Amino acid sequence: MSELPTEPSPTSPSADVASAIRILLQQAELDPDFIAPIRQMGDPVLRQPAERFAGQVSAEELAAFLALMRRTMLAAPGVGLAAPQIGVPVRIAVVEDQFPISEDIAHARERAPLPYTALINPRYQPASEDTVAFYEGCLSFTGFQGVVARPREVEVSFDTPSGQAMTATYTGWQARIMQHECDHLDGTVYVDKMRTRSLTTSEEYAARWAQPTIDDAARALRF
């Protein structure tokens, strides 16, 4: 493998979007199996509003960047990934939830398969007054889970990679995924919205609270 070209690292929250994307794509060209490093809590890029995508890179580069994002998300593994999580402060996210789960969890959490979707400049608004609370995790805060109450149904507006404007309504777990990823684009991480007493390590969550509902956890942890 040839040595990577010397480039400035896109670690600054003011890093140029096109440059940040191209640095990652250079690495992907050298290694077709390249997985982008996921930034962790404390990195400033996770705490700034992302820049609107307005053609900073070509359609070909955008397609390659989205493919890298999807590959990184699935390898994590995760069901969503926002561009700031890999160091690019631009309003782009990818989502996909095809993981097998038990029928009782699927029913309790209203979790249906979510096909791969690339979201360009997405935004959401509640589509009902109902809220639902469940545990969430984040690829940028590995090793922990926390309960977040979110609108049960949201309307999401976004552009497709080809530039087509779309609006769709999502319910249940799909709505939660969309809100979680869109929040990243505003510099918000789920811990900003969680019920703090619910915070648990992933090991404790798997051992105690990976149940269809949060009822037992709420009683025991008193949140």
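Reader: Which side chain does the side chain of Arg109 make a polar contact with?
Author: Tyr205, at 3.2 Å. A polar contact is a pair of N or O atoms within 3.5 Å; within protein, one must be able to donate a hydrogen and the other to accept it, and residues adjacent in sequence count only if both atoms are side-chain atoms. This is a predicted model, where local features need pLDDT of at least 70 and side-chain atom pairs 80 or more, while totals for chains, interfaces and linings use all residues. Residues are numbered from 1 along each chain, and side-chain values use heavy atoms, without hydrogens and water.

Reader: Ok, what backbone oxygen does Arg109 reach?
Author: Its side chain gets to the one of Pro212, at 3.4 Å.

Reader: And is Arg109 buried or exposed?
Author: Arg109 is buried (under 20% relative accessible area; exposed is over 50%, partly exposed in between, with a 1.4 Å probe and protein chains only). Yet Arg109 has no salt bridge (a side-chain nitrogen of Lys or Arg within 4 Å of a carboxyl oxygen of Asp or Glu).

Reader: New topic: how many salt bridges are there?
Author: The structure holds 13. One of them joins Glu110 and Arg152, with the closest N and O atoms 2.6 Å apart.

Reader: What does the Glu110 and Arg152 pair tie together?
Author: Parts that are 42 residues apart in sequence, because Glu110 sits in the loop between α3 and β3 and Arg152 in the loop between β5 and β6. Helices (H or I, at least four residues) and strands (E, at least two) are DSSP runs, numbered from the N terminus.

Reader: Which residues are linked in a network of salt bridges?
Author: Glu136, Arg150, Arg176, Asp183 and Lys193. Asp183 and Lys193 meet at 2.9 Å, N to O. Asp183 is buried at 5%, whereas Lys193 is partly exposed at 38%.

Technical notes: Lys and Arg count as positive and Asp and Glu as negative; His and the chain ends are not counted.
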